[in-house]
Structures are given as C-alpha cells and as structure tokens.
Amino acid sequence: MNDHKKRLYFIDAIRAWAILMMLQGHFIDGLLDNAFRDNSNLLFSTWKYFRGITAPVFFTVSGFIFTYLLIKVPQVGWKNPRVKKGIKRGFELLIIGYLLRLNLFGLLKGEIYSSFYLVDVLHCIGLSILGIILIYLSTVKTKKWLFPTALLSVTIILFILEPAYKTLNFNVLPQWLANYFTKTNGSVFTIFPWFGYTTFGSFMSVLFTKYKNSKFLYPTAISLSVIVGLVLILYSSNFFLNISKITGIQIFADIFFNNYLFIRLGDVLIVFSIFMLFRQFLTHKTALRLGQSTLSIYVVHFIILYGSFTGLGLYGFFNHTLTPWVVIPGAITFMIVCSYLALRYEDKKAEIKESLKKVFTIFRLQIERFMVIFLGYTRSFISKLVKLFGFIKS
C-alpha cells in the first residue's frame with residue numbers, strides 16, 4: 001500500500017473543507033442582515049442546506065481520525081499510548097472551549113458571565129473523544145467485532161431516541177452541567193445527539209483499518225457510501241413513518257417529522273464518497289496543513305468573530321447588519337485571514353510555547369521571591385507583636 005493510502009490524506013482534505021465551511025458559515029450567519037434570509041431564494045436555501053452539513057462532517061471526521069490513530073498501534077488497552085494522549089486531548093479541548101468563552105474584563109470586575117458555561121463544538125468533541133476511549137477500553141478484551149458494533153449501536157440509539165431526550169427537563173442538574181444536554185440556556189451543541197456522529201466516524205475508521213490492505217478498499221467504500229448515503233437521504237423518513245404505522249410507536253413518527261439526524265448522516269457519507277473519489281488530487285500541501293490545523297483555525301476565528309477574552313469581536317459590531325454584497329467578500333477574506341494566522345501560529349508554535357514557558361518561569365520566580373520576602377516580613381512582624389504583648393522575653 002502506498003503512503004497516500006496509509007496516511008489517508010483525503011481525511012485531512014475533508015477536515016480542511018469542513019473548517020473553511022464553518023468559517024464562512026459562522027461569518028455569514030452571524031453578520032448577514034435578517035432581511036436577506038429568504039428561504040425561497042435558491043442561493044440562500046442552498047447555502048443554508050450545505051451549512052447544515054458542516055457540523056455533522058466535522059464531528060464524524062473527528063471520530064474517524066482519532067480512532068484511526070487509536071487502533072493502528074500494536075498495543076491495546078491502557079498500554080496503548082494513544083489512550084493517554086486521547087484523554088489529555090479530550091480534557092484539553094474542554095479547557096480551550098471554556099477559555100474561549102472567558103471574558104477578561106468580567107474577571108477584572110470579579111464576574112464570570114453566564115456565557116462562559118455554554119457548551120460548544122470543542123466541549124462536545126472533547127467529551128466524544130473521552131467517550132470513544134471508554135467504549136474502546138470496555139470492549140478491547142472481548143471479541144474484535146464488539147467495538148465497532150458498540151460504536152454503531154450508540155449512533156443508532158442516540159439518533160432514534162433524540163425526540164424523547166430533547167424534551168427532557170434538566171433543571172435538577174447544575175446549569176453548567178445541564179448545558180451539555182439541553183440548548184435551553186443557549187448552548188450551541190449538546191453531547192447528545194452529536195456524540196452519535198463521532199461514534200459513526202469511529203465505526204467507519206475501524207472498517208477502513210480492517211480492510212486497509214484490500215485493493216478494492218476505495219471502490220467498495222465509495223460505492224457503499226453513495227448507496228447508504230442516498231438511502232438515508234431519500235428513504236429514511238418514510239422508513240420510520242412505516243415503522244410507526246406498523247408498531248404504533250410514536251417516537252418513529254416523531255423522527256419522520258424531524259428527520260435531520262439520519263438525513264445529515266447520509267449527507268456526510270456523500271461528502272466522504274466525493275473526497276475518496278478525488279483523493280489523488282487532494283494532496284496540496286497547504287490544504288493538508290489546513291486540515292491538520294483545525295484547532296488553531298477554530299481558536300483564531302472565535303477570537304476575531306466572537307471576541308473571546310475581550311468581548312470585542314466582529315459579531316458584537318456587525319450582528320445581523322451586513323448586506324450580501326458585503327458579507328460574501330467579507331466571508332472570503334475572513335477565511336483567508338483566519339487560515340493565514342493559524343498557519344503562521346503553527347509555524348512558530350514551538351518558539352511561542354518556549355517564549356511563554358520563559359515568561360511563566362520568570363513570573364513563577366518573581367512570585368517565589370515575593371513570597372520569601374513576604375514571609376520574612378510576616379515572621380518578623382509576628383515576632384515583634386508577640387514581644388510587644390509580653391508573650392516571650394526580649
């Protein structure tokens with residue numbers, strides 16, 4: 001097998017496409033004037049549909065690439081180095097997700113705004129990675145088929161039960177925890193059902209790894225992705241309606257009336273099939289680097305658009321005020337600027353981390369020096385105070 005197949009560069013290309021679509025989607029959705037949001041307009045409705053594909057693709061490809069790296073090493077269970085790296089990565093994404101919603105001006109006033117506790121894509125991907133690790137560790141000592149079966153089962157169960165749990169009241173939980181399960185307080189994503197896309201990507205990754213040496217891998221994968229994708233898009237709604245009529249179970253009818261999860265899963269499979277089909281042409285160095293720098297791009301875009309840390313972002317100044325003639329070239333510029341800054345950061349990441357390490361070291365030494373001096377003065381003051389009140393002799 002050649003290096004391109006081993007590296008699965010088409011996955012990096014999908015990640016690059018997904019992050020760029022996310023950039024333009026957030027920019028246009030946040031800044032376009034409401035007067036131009038006309039669903040009867042072909043261009044707007046088409047853009048809106050494809051924007052809806054971005055998040056499912058992003059979650060699916062995240063599960064795919066993490067699991068691909070997790071199971072390709074010979075070690076298993078806790079001996080697998082990717083387990084500890086994955087746990088570290090999961091918590092890192094959670095921390096970054098919260099930091100991006102932190103407002104420094106609020107902290108200076110001794111306040112933490114409620115928006116800090118809202119859950120976004122990084123929180124969900126971080127938890128999803130931890131969830132995949134949990135499933136992996138729970139099944140690694142059993143039959144090999146149990147891991148992919150468990151992953152696919154999680155996807156199906158979460159998607160089918162979505163009409164039931166989306167109406168649940170989570171008021172018994174602390175609000176910061178409830179935000180992981182409900183959008184009532186303003187969370188953009190919730191762990192359910194989005195964990196289902198991640199586990200599906202993980203399931204696909206297991207299949208790719210199992211058949212990676214087959215010369216029919218890509219023809220089979222492309223054909224299956226197209227067939228299953230089209231079936232989900234065109235026929236899944238009627239399938240659940242018929243199941244509801246046969247069984248009398250209401251939840252299947254509820255899926256029919258709002259069948260976005262399975263249809264979007266079909267969209268994801270079509271996207272995968274297209275990128276697999278043209279994989280030989282998707283090896284441009286910059287595109288692959290974008291796919292490998294999605295976290296940096298996400299952080300940069302959040303700071304510029306939503307004003308992380310300072311509250312001063314484009315969204316705060318131009319929220320739903322721009323015309324299409326401004327917002328479209330603006331979105332293109334936004335994608336270029338965010339990508340450029342993120343790649344520049346990646347180029348200088350080692351130097352930046354070293355500089356930050358030096359700054360923190362100097363800061364720590366100064367704190368230690370201050371504490372030594374402070375403790376010295378405190379000890380001297382207490383000694384004089386004790387002598388003053390005659391508790392000890394001079």
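Which helices each supply at least two residues of the lining of the largest pocket? Let's work through that and a few related exercises together.

This is a predicted model, in which local features need pLDDT of at least 70, side-chain atom pairs count only at pLDDT 80 or more, and totals for chains, interfaces and linings use all residues. Residues are numbered from 1 along each chain as its sequence is written, and side-chain values use heavy atoms, with hydrogens and water left out.

**Exercise 1. Describe the largest pocket and its lining.**

Step 1. Start with the term: on a 1 Å grid over the protein atoms alone, a pocket is an open set of points with protein on both sides within 12 Å along at least five of seven lines, whereas a cavity is a set where a 1.4 Å probe fits but cannot get out; lining residues have an atom within 4 Å of a point. A volume is the space filled by probe spheres set on the points, which are joined across faces, edges and corners.

Step 2. The largest pocket has a volume of about 1600 Å³. Its lining counts 44 residues, and Arg89, Glu92, Gln292, Leu295 and Lys349 are the closest to the centre.

Step 3. Now the opening question: the helices are α1 (3-7), α2 (9-31), α3 (42-71), α4 (81-99), α6 (121-139), α15 (294-306) and α17 (324-388). Helices here are DSSP runs (H or I, at least four residues), numbered from the N terminus. The largest share, nine residues, comes from α4.

Step 4. By type, this lining has 24 nonpolar, six polar and 14 charged residues. Ala, Val, Leu, Ile, Met, Phe, Trp, Tyr, Cys and Pro count as nonpolar, Asp, Glu, Lys and Arg as charged, and the others, Gly among them, as polar.

**Exercise 2. Check the span of α15 and list its buried residues.**

Step 1. The expected span is 1.5 Å times one less than the number of residues. For the 13 residues of α15 that gives 18 Å, and the end C-alpha atoms are 17 Å apart, which agrees.

Step 2. Buried means under 20% relative accessible area, exposed over 50%, and partly exposed in between (1.4 Å probe, protein chains only). In α15, the buried residues are Thr294, Leu295, Ser296, Ile297, Tyr298, Val300, His301, Phe302 and Leu305.

Step 3. Just after α15 comes Gly307, with a positive phi of about 70°.

**Exercise 3. Classify the ring pair of Tyr136 and Phe147.**

Step 1. Rings of Phe, Tyr and Trp (its six-membered ring) pair if their centres lie within 6.5 Å; planes under 30 degrees apart are stacked, over 60 edge-to-face, and the rest tilted. The model has 31 aromatic pairs by this rule. One of them, Tyr49 with Phe50, is edge-to-face, at 6.1 Å centre to centre and 80° between the planes.

Step 2. The centres of Tyr136 and Phe147 are 5.8 Å apart and their planes lie at 75°, so this pair is edge-to-face. Tyr136 belongs to helix α6 and Phe147 to helix α7 (residues 146-160), eleven residues apart.

Step 3. Both Tyr136 and Phe147 are buried, while Tyr49 counts as partly exposed at 34% relative accessibility.

**Exercise 4. Find what lines the second largest cavity.**

Step 1. This cavity has a volume of about 30 Å³.

Step 2. Its lining is made of Gly97, Leu100, Arg101, Asp120, Leu122, His123, Tyr298 and Phe302. Two or more residues come from each of α6 and α15.
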